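Student: I should like to learn how the features of a structural model are read. Please take them one at a time.

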Amino acid sequence: MPKQQFWLLKSEPESFSIDDLKQAKQQTTCWDGVRNYQARNYMRSMNVGDLAFFYHSNAAPPAIVGIVEIVRTAYPDHTQFDSSHHHFDPKSKMEAPAWDMVDVKFVEKFAAPLSLEMLRDIAALKDMELLRRGSRLSVQPVTAAQWKTIIKLANKK
DNA sequence: GCCAACGTTGGC
DNA sequence: GCCAACGTTGGC
């Protein structure tokens with residue numbers, strides 16, 4: 001059994017929210033559309049059983065809204081080969097897919113979202129990637145300590 | 001809607 | 001390999 005790791009996944013709720021995931025078939029979805037190499041590499045290092053925060057970006061307010069579990073490790077993102085798809089990548093070849101996705105399953109929606117503004121006030125989270133100025137990475141690692149801190153905040157509310 | 005931060009592209 | 005131009009992300 002590989003050691004459990006923690007992550008954070010961003011999604012714009014207008015395109016896919018945690019409620020969409022909760023209502024999805026088997027409460028599971030493929031996390032497609034990642035088109036950034038660093039984010040892709042993080043996905044490739046995910047293991048089944050890893051947990052991730054679900055973050056709503058471009059939302060009011062931007063916030064961590066719940067938890068998902070990785071239920072399938074990285075495999076080719078089919079949307080890269082679909083010319084009608086918004087995330088089509090004409091340079092990616094079938095025999096060497098450039099982009100991967102993982103499958104995630106709904107675990108929990110927090111009773112109250114943990115807003116970005118509120119998280120910025122927590123000293124223990126000051127080094128979090130999410131809070132870095134100009135941070136745009138849509139798939140990020142979260143340390144065990146940061147994970148624990150945020151879970152405590154979620155349960156306190 | 002603005003704009004800072006960042007990644008990518010392409011000319012040289 | 002440099003770097004300006006451009007496109008995108010995402011908070012505000």
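Student: Where does K3 lie with respect to β1?

Tutor: Strands are DSSP runs of E of at least two residues and helices runs of H or I of at least four, numbered from the N terminus. K3 belongs to the segment before β1. Please note that this is a predicted model, in which local features need pLDDT of at least 70 and side-chain atom pairs count only at pLDDT 80 or more, while totals for chains, interfaces and linings use all residues. Residues are numbered from 1 along each chain as its sequence is written, and side-chain values use heavy atoms, leaving out hydrogens and water.

Student: Is K3 buried or exposed?

Tutor: Buried means under 20% relative accessible area, exposed over 50%, and partly exposed in between, with a 1.4 Å probe and protein chains only. K3 has a relative accessible area of 73% and is therefore exposed.

Student: Which residues does K3 contact, leaving aside its neighbours within four places in sequence?

Tutor: Contact means heavy atoms within 4.5 Å. On that basis K3 touches N47 and D50. The C-alpha atoms of K3 and N47 are 8.5 Å apart, although 44 residues separate the two in sequence.

Student: In what order do the six strands form the sheet?

Tutor: Two strands pair if DSSP finds at least two bridges between them. Here the order is β2-β5-β4-β3-β1-β6, in an open sheet of mixed pairing. Because β2 and β6 (139-142) are at the edges with a single partner strand each, one side of each has no neighbour in the sheet. Within the sheet, β4 (residues 63-76) and β5 (residues 100-115) are antiparallel and share ten bridges; I70, for example, has V104 in β5 as its bridge partner.

Student: Which strands does helix α2 lie across?

Tutor: Angles run from 0 to 180 degrees between N-to-C directions, and axes are lines fitted to C-alpha atoms, for helices over the stretch in contact. Helix α2 (residues 37-44) crosses β1, β4, β5 and β6, at about 95 degrees to β5. Helix α4 (residues 144-156) lies across β1, β3, β4, β5 and β6, and its angle to β3 (51-56) is about 60 degrees.

Student: Which classes of residue make up the lining of the largest pocket?

Tutor: A pocket is an open set of points on a 1 Å grid over the protein atoms alone, where a 1.4 Å probe fits, with protein on both sides within 12 Å along at least five of seven lines; lining residues have an atom within 4 Å of a point. Ala, Val, Leu, Ile, Met, Phe, Trp, Tyr, Cys and Pro count as nonpolar, Asp, Glu, Lys and Arg as charged, and the others, Gly among them, as polar. The lining comprises seven nonpolar, eleven polar and seven charged residues.

Key: Chains lettered and ligands numbered in written order.
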